[in-house]
Amino acid sequence: MAIAIMCSGGDAAGMNPAIKKFVDYAFKSGEVPYLVFNGLEGLIDDEIRLAQHKDVAGILHRGGTIIQSSRSKRFFEYEYREKAFQNLQDHNITGLIVLGGDGSFRAMERFSSEFKLNFVGIPATIDNDIHGTEYCLGFDTALNVIRDALDKIRDTASSFNRAFLVEVMGRDCGHLAIVSAMTSGAEVCVIPEVEFKSEELGKRLKDEVQYGRNYALAIVAEGTKRTQEVYEWLQESVGLETRVSILGHIQRGGNPTVRDRLMAFDFTIVAMDHLLSSDNSNKVVVFQKGEFRLIEIQEVVSSKYEIPKRYLDAINLLD
Ligand code: F6P
C-alpha cells in the first residue's frame with residue numbers, strides 16, 4: 001500500500017521525528033512510503049517522491065521539517081484541490097498523513113468532503129490551539145525556547161532596574177504566553193482569553209515598586225495586539241523604565257525536546273495503525289487525559305480550542 005506524509009502551515013519541532021517514524025514504520029510493515037514536499041503547494045505541484053531510508057537518517061534531532069511546509073492560497077480553489085487529488089491517484093497513494101494546525105485541518109476537511117480520501121491528521125503547531133487535543137507537536141520545544149529567552153531577559157531586567165515586555169507568538173491563542181508566564185515567574189501576562197485588569201494590577205505593581213520592587217517581567221500574547229499599550233502602561237502608569245522584546249520566529253526553531261520526540265512517535269504510530277486498517281478514515285489523532293485517540297475531522301474544526309481553566313485562573317495569581 002502506498003502512503004504519504006506531508007507538513008502544512010507553520011513548521012513545528014517534532015515534525016522531523018514524526019517523518020522518520022513514518023518512514024521506518026512503513027518499511028517495517030511492508031508499505032510504500034512517500035514524502036510530499038512543500039506542503040499543500042507541493043501536493044498541487046506533484047512534489048511527491050518515494051521515501052528512502054537515507055532521507056530520514058540523522059533528522060531526529062533537527063527542528064523544522066526536512067520536507068518543508070507552506071501556506072497555500074491556491075488550495076482554496078477547487079481546480080487546485082482536484083489537481084492535488086489527481087497527483088495522489090497518479091502515485092496510487094491511498095493513505096495520507098498530514099502534520100499541521102487548525103488552518104491545515106480546515107483545508108483537509110474541505111478536501112476530504114470533495115474527494116474520496118483516507119487521511120489522518122497529526123496536530124502540529126507551536127500555538128497548541130487545536131480543539132480536541134491537549135497537545136500539539138512543537139509546543140514543548142517552543143515553550144523551552146521562550147523559557148531560555150525569558151531567563152536571560154530576567155537577568156538583565158533585574159540587573160538594570162527595568163521592566164521588560166516580551167511578546168510571544170500563538171496567533172489568536174494565549175496558551176504559549178500563559179504557560180511561559182507561569183513557568184518564568186512573570187508579574188504580568190496579557191492574553192486574548194482573559195480581561196487585562198490594568199488598573200488593579202497597576203496599583204499592585206506601583207505599591208510593590210514603592211516597597212522596593214525594581215524590575216518586572218510582562219508577557220504579552222501577539223493575538224492581543226496590545227504590546228504598545230502594555231508598554232506605555234508599564235512605563236507611564238507603573239513607572240518602570242521599560243524595554244520591549246518581540247521574540248518572533250526563533251520560537252518556531254530549535255531541536256525538538258524529548259517530549260516532542262516521544263509525542264511525535266506516539267502520534268505517528270497511532271496514525272499509521274489507523275491508516276493501515278481503514279480505507280476512508282479522515283480523522284485526527286488527539287491526546288486526551290494521557291491517551292491517544294482518533295476523532296472526526298469535522299469535530300476538530302467545528303469548535304474553538306479552550307485553554308485549561310486552571311491556567312486561565314493562574315493569570316490573576318501571577319506575581
Ligand atoms: O501558527 C504558528 C505561528 O508561528 C503563529 O504563532 C504565528 O502567528 C504565525 O505562525 C506566523 O506565521 P508566519 O510564519 O507565516 O509569519
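Biologist: In this predicted model, what do the buried residues of H5 pack against?

Modeller: The buried residues of H5 pack against strand S6 (163-168), helix H6 (175-184), strand S8 (216-221), strand S9 (242-246) and helix H9 (258-276). Among those buried residues are Phe 139, Leu 143, Ile 146, Leu 150 and Ile 153.

Biologist: How do you know that the span of H5 is close to the expected one?

Modeller: Helix H5 (residues 139-160) has 22 residues and reaches 31 Å from its first C-alpha to its last, which is set against the 32 Å expected at 1.5 Å a residue. After H5 comes Asn 161, with a positive phi near 55 degrees.

Biologist: Of the 8 aromatic pairs, what makes Phe 267 and Phe 292 an edge-to-face pair?

Modeller: Their ring centres lie 5.2 Å apart and their planes are 80 degrees apart; the limits are 6.5 Å for pairing and over 60 degrees for edge-to-face, so the pair is given that name. Because Phe 267 lies in helix H9 and Phe 292 in strand S11 (residues 291-296), the pair ties together parts that are 25 residues apart in sequence.

Biologist: Why is Phe 267 called buried, and Phe 292 partly exposed?

Modeller: Phe 267 has a relative accessible area of 0% and Phe 292 one of 23%; buried means under 20% and exposed over 50%, so a value in between is called partly exposed.

Biologist: Why is the pair of Phe 287 and Phe 292 called tilted?

Modeller: Their planes are 50 degrees apart, with 4.9 Å centre to centre, and tilted is the term for pairs that are neither under 30 degrees nor over 60. Phe 287 itself counts as buried, at 11% relative accessibility.

Note on methods:
Residues numbered from 1 in each chain as written. Predicted model: local features only at pLDDT ≥ 70, side-chain atom pairs only at ≥ 80, totals over all residues. Heavy atoms only, no water. Helix = DSSP H or I, 4+ residues; strand = E, 2+ residues; numbered from the N terminus. Expected span 1.5 Å × (residues − 1). Buried < 20%, exposed > 50% of the residue type's maximum accessible area, 1.4 Å probe, protein only. Contact = heavy atoms within 4.5 Å. Phe/Tyr/Trp six-rings, centres within 6.5 Å; stacked < 30°, edge-to-face > 60°.
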